[in-house]
Amino acid sequence: MSEQPVATPLDVVPRSATPRSPATRDLGMSAKLLFPTREIAEQYYLPLIYTACRTCYSELRPEEIFARAAEGRVAPEKQQDLVRKVIESGHGSTIEHIVFTFAISGVTRTLSHQLVRHRAGLAFDQQSQRYVNYKRPAYMVPGTIQDAPQELRERYVAEMDESLAFYSELLEAGVPGEDARFVMPNATRTNLVMTTNLRALIHMSGLRLCTMAQWEIRRLFQLIRHEVFGVSPFLGSFLAPKCVPLGYCDEDRNRDEHCPIRPHKDNVLAAWAEKKAVAKAAGRELPTL
Ligand SMILES: Cc1cc2nc3c(=O)[nH]c(=O)nc-3n(C[C@H](O)[C@H](O)[C@H](O)COP(=O)(O)OP(=O)(O)OC[C@H]3O[C@@H](n4cnc5c(N)ncnc54)[C@H](O)[C@@H]3O)c2cc1C
């Protein structure tokens, strides 16, 4: 009898496949919008951005523009129209006037390390592994390991449990938390509060909703987008993978277009070169890029 090939975790998600959404699994993490409420977002956020935009082109004082917008004397559709045009033109300071505060829980230290790489327009406060002496640190099992052969999965769980049991032993032996934490794995869960202005949030979402982003942080930004939609569908609509506003994909790892959301820029430029050559052959010159 021939032996069946043993499935490895990498067999589960081939690199060339269309990336799956991490939303198909419950990863035990959450992102809740603490501020603003829907009422605050509806009452202030669009008028605030509108005021920032209009102030640049108006003789009126900002407080007069704000009053007209907030009291509905400027139709919300008109406000949205201007704000959309300004955002799409990249005039980013106008959307730095509003902020969103999220309670982020149950994410791993792997994720938080990636998240805090973002610097501009953000504030983070994270649960300290120095000051918190965990009674039972929690950890995450990635989907590929959940789907892996039983032996591998059990070994992963055993390794995590052993590391975290050793952590507790170190604490009991009097080792301070700031040193005992050295045995904690990257899979250890953590909580943080993140406040971000809208410009930074759109920028981060562009990078982290991209299918090239790591699955856990991608899932976080799906949850974040869901929360923002809950208070403002208009503002939530700007949270998208960066290729959506760009119109093309600029990710080196997607030159084969295995993610089909937008064409890769190489192919866009090749199509443009072809169009130019056809135009030239017909005696017309197209503008140079
Ligand atoms: C898919 C993916 C893979 C990654 N892989 C790695 C990796 O392997 N190793 C690694 O180390 N990192 C990696 N990163 C992190 C990445 O390099 C950035 O550090 C991170 O995404 C933060 O983005 P940002 O630089 O746009 O910073 P943000 O703080 O979000 O800044 C927003 C924008 O503000 C401007 N800005 C901010 N700070 C400055 C400044 N000091 N000077 C000038 N302009 C500034 C820039 O225009 C910047 O784009 C990865 C990120 C992604 C999305």
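**Ligand surroundings and internal cavity**

In the predicted model, an oxygen atom of the ligand lies 2.8 Å from a polar side-chain atom of His118. The residue Arg117 also approaches the ligand through its side chain, where an N or O atom is 2.7 Å from a ligand oxygen atom. For Arg119, the contact involves the backbone: one of its polar backbone atoms is 2.3 Å from an oxygen atom of the ligand. The ligand taken alone exposes 940 Å², of which the protein buries 45%.

The shell around the ligand comprises Arg117, His118, Arg119 and Ala120, together with His203, Leu207, Arg208 and Met212. When these residues are sorted by class, 3 are nonpolar, 2 are polar and 3 are charged.

Empty space within the protein was examined next. A search of the whole structure identified 1 cavity of 30 Å³ or more. The volume of the largest cavity is about 90 Å³. Its lining includes Cys210, Thr211 and Met212, as well as Pro241, Lys242 and Cys243. Further along the sequence, Cys249, Asp250, Asn254, Cys259, Ile261 and Arg262 also line the largest cavity. The lining contains 7 nonpolar, 2 polar and 3 charged residues. The largest cavity lies between domain 1 (9-36 + 98-246) and domain 2 (247-289), because both domains give residues to its lining.

Met212 appears in both descriptions: this residue is part of the shell around the ligand and also belongs to the lining of the largest cavity.

Technical notes
Residues are numbered from 1 along each chain as its sequence is written. This is a predicted model: local features need pLDDT of at least 70, side-chain atom pairs count only at pLDDT 80 or more; totals for chains, interfaces and linings use all residues. Side-chain values use heavy atoms; hydrogens and water are left out. On a 1 Å grid over the protein atoms alone, a cavity is a set of points where a 1.4 Å probe fits but cannot get out, and a pocket is an open set with protein on both sides within 12 Å along at least five of seven lines; lining residues have an atom within 4 Å of a point. Grid points are joined across faces, edges and corners, and a volume is the space filled by probe spheres set on the points. Ala, Val, Leu, Ile, Met, Phe, Trp, Tyr, Cys and Pro count as nonpolar, Asp, Glu, Lys and Arg as charged, and the others, Gly among them, as polar. Domain bounds come from an automatic or database domain assignment. A residue is near a molecule or strand if one of its heavy atoms lies within 4 Å of it. A polar contact is a pair of N or O atoms within 3.5 Å; within protein, one must be able to donate a hydrogen and the other to accept it, and residues adjacent in sequence count only if both atoms are side-chain atoms. Accessible areas come from the Shrake-Rupley method with a 1.4 Å probe; for residues, only the protein chains shown count as cover.
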